[in-house]
Amino acid sequence: MRTQPAALLAIDHEELVIRRGRRSGVYSAIAVHSTTLGPALGGCRMWSYADSMEGARDALRLSRAMTLKAAAAGLDLGGGKGVIVLPAGAAPPQGAARRDVLLDFADAVNALDGSYVTAEDVGTSARDMVTIAEVTRSVTGLPVVHGGSGDPSPFTALGVEAAIRACLRERFGSPELSGRRIAVVGCGRVGERLARRLAAGGAQLLLADVDAGKRGLAAELPGARWVPSEEAVLADVDVLAPCALGGVVHDGNVSRLRAAIVCGSANNQLADDRLAERLAARGVLYAPDFIVNAGGLINVSAELTSGGWDEATAHERVARIGPVIDAILHEARRRDVTPLAAAIEVARRRLEASGAALKISPTAPRTETPPRPESDRTEIPQPVRRGDTHGDPGGPPALPVTGAGSG
Ligand SMILES: NC(=O)c1ccc[n+]([C@@H]2O[C@H](COP(=O)([O-])OP(=O)(O)OC[C@H]3O[C@@H](n4cnc5c(N)ncnc54)[C@H](O)[C@@H]3O)[C@@H](O)[C@H]2O)c1
């Protein structure tokens, strides 16, 4: 195995734990990027990697993104991520083997003594969290019957709707959905719920999914029409809501998008964060995905509050994504930067106000080896003014962030 020490060592994290499981022999890697604002909450990803170093790099990269996401969403949480490093090409373990892997991961969580709190992510489920909870208390995302917050998708969809309404108000002067043309690309757990909410508000929907089994949704919802994914992405609509995989906006299509607004649940909607500049230059309002889709994180974080999770409170907190988007768009306009740059600046200021410098480099280490899971933000750029690629213009006054707090 050829290691890449430079990539692994170029970090600004608080802790990195890599453990070989005593039951399974499978490696767990957990990175805690920051606990400045609170415990580092981040999912447990179970995925196959070329080697354990690649898994560790993924944990490092994803945990840094979680710091930004939690800070910008106004949560009192830090950034962390756990990775269960399955051997290259290995199928997800089942039965007793899966249980061993999960319990070994839980041991690694305990090694961090409460600074990291895990949850479900790509490759793990709420049921897996129940197994992990046998060994550690630092776990969220359990089913409601086990005292957890259950499936985050309805809350993610709620947050996306709130963000879409904020964008509509910014662009058209009204948050009303009625008569708005909205393309939802990806009708899975979040996309289907979002489509139902938008249809209930009177939106005219274009629905797309690579799974033709989802066609029934278009037949069921009033004002909805089924179209191929590529057509939906390039459609002449008020809002494009990407709710499938990342990279939906890329070099090859950015100049052909006709949507006035891009606002959806998918992580990493821009293949490259610099595309935010190109969208802004074309007059397309791009709402930063890590703010828009924070509903799931906000929901699960309620489990850590003194009163625990309850649906009504989680609902109310997630709805505050709307005012957060309002504030970010206001700040972007005021400073003549993209909403993405404004959102990053919100996170930076919040962390700095808590006494921590946000040491996020414009060239955060990427994990190079494909294939990769559809993943969270891979790179956190420095805020830039439109047309200026040389970094932070510096010194804006504090933004009145009204986002959710974890209590
Ligand atoms: N579930 C959550 O609470 C949550 C929270 C934050 C972010 N997200 C992000 O939102 C997105 C959707 O999450 P989900 O939980 O609904 O996932 P999901 O797997 O339930 O749904 C994704 C859907 O997208 C479809 N799809 C895949 N490729 C497509 C393509 N090229 N064109 C059209 N459709 C395609 C799939 O068939 C599936 O129906 C993901 O990017 C996820 O990371 C989800």
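# A walk through the strands, a helix and the ligand shell

Let us start with an open sheet of six strands, which pair in parallel and follow the order β9-β8-β7-β10-β11-β12. At its edges sit β9 (224-226) and β12, each of which pairs on one side only. Keep in mind as you look around that this is a predicted model.

## Inside the six-stranded sheet

A good place to step in is strand β7 (residues 181-185). Four of its five residues are buried, and the strand is mostly covered. Strand β7 has neighbours that you can find by following the bridges. Toward strand β8 (residues 204-208) there are five bridges, and the two strands run parallel. Toward β10, β7 also pairs in the parallel sense, over four bridges.

Ala183 is a handy landmark here. Its bridge partner in β8 is Leu206, while in β10 it stands opposite Leu240. You can then carry on outward from either of these partners. Leu206 stands opposite Arg225 in β9, and Leu240 has Val262 as its bridge partner in β11. Another pair to look for is Val184, which stands opposite Leu207 in β8.

Strand β8 resembles a well-wrapped strand too: it is mostly covered, with four of its five residues buried. How does the chain get from one strand to another? β7, α6 and β8 make a right-handed β-α-β unit. A right-handed β-α-β unit is also made by β8, helix α7 (residues 215-220) and β9.

Here are the pairings of this sheet described so far, together with that of β10 and β11.

| Strand pair | Sense | Bridges |
|---|---|---|
| β7 and β8 | parallel | five |
| β7 and β10 | parallel | four |
| β8 and β9 | parallel | three |
| β10 (239-242) and β11 (261-262) | parallel | two |

## Strand β5 and its partners

Now move to strand β5 (residues 78-86). Why can we call it largely enclosed by the rest of the structure? Nine of its nine residues are buried, so the rest of the structure largely encloses this strand.

It helps to think about the two sides of a strand. In a regular strand, side chains alternate between the two faces of the sheet. In β5, both faces are covered. On one side, Gly78, Gly80, Gly82, Ile84 and Leu86 are buried. On the other side, the buried residues are Gly79, Lys81, Val83 and Val85.

Which strands pair with β5? Strand β2 (residues 27-34) is joined to β5 by seven bridges, and these two run antiparallel. Strand β4 (residues 44-48) pairs with β5 in the parallel sense over five bridges. The chain reaches β5 from β4 by way of helix α2 (residues 52-72), and this β-α-β crossover is right-handed. Strand β3 (residues 40-41) pairs with β5 in the parallel sense as well, over two bridges.

Val83 makes a useful meeting point in β5. Ala29 stands opposite Val83, and Arg45 stands opposite Val83 too. Elsewhere in β5, Gly79 is the bridge partner of Leu41.

## Helix α14

For a change from strands, find helix α14 (residues 339-353). From its first C-alpha to its last, this helix of 15 residues reaches 21 Å, close to the 21 Å expected at 1.5 Å a residue.

Is α14 mostly covered or mostly open? Twelve of its 15 residues are buried, and the helix is mostly covered. Among the buried ones are Pro339, Leu340, Ile344, Val346 and Leu351, and the charged-looking names Glu345, Arg348 and Arg350 appear on that list as well. The buried residues of α14 pack against α2, α9 (275-281), β12 (285-286), α10 (289-292) and α13 (321-335). In other words, α2, the helix that connects β4 to β5, is one of the packing partners of α14. Just after α14, Gly355 takes a positive phi of about 95 degrees.

## Around the ligand

Finally, look for the ligand. How many residues surround it? The answer is 25, and the closest are Thr156, Gly186, Gly188, Ala244 and Gly296. Two elements give two or more residues to this shell: α5 (153-172) and α6 (189-200). The largest share, three residues, comes from α6, the helix that also takes part in the unit with β7 and β8.

What kinds of residues make up the shell around the ligand? They divide into ten nonpolar, ten polar and five charged.

Key
Residues are numbered from 1 along each chain as its sequence is written. This is a predicted model: local features need pLDDT of at least 70, side-chain atom pairs count only at pLDDT 80 or more; totals for chains, interfaces and linings use all residues. A residue is buried if 20 or more other C-beta atoms lie within 10 Å of its own, exposed if 12 or fewer, and partly exposed in between; C-beta atoms are placed from the backbone. Two strands pair if DSSP finds at least two bridges between them. A crossover is right-handed if, with the strands pointing away from the viewer, the path from the first strand over the helix to the second runs clockwise. A residue is near a molecule or strand if its C-beta atom, placed from the backbone, lies within 6 Å of it. Ala, Val, Leu, Ile, Met, Phe, Trp, Tyr, Cys and Pro count as nonpolar, Asp, Glu, Lys and Arg as charged, and the others, Gly among them, as polar. The expected span of a helix is 1.5 Å times one less than its number of residues. Two residues are in contact if their C-beta atoms, placed from the backbone, lie within 7 Å.
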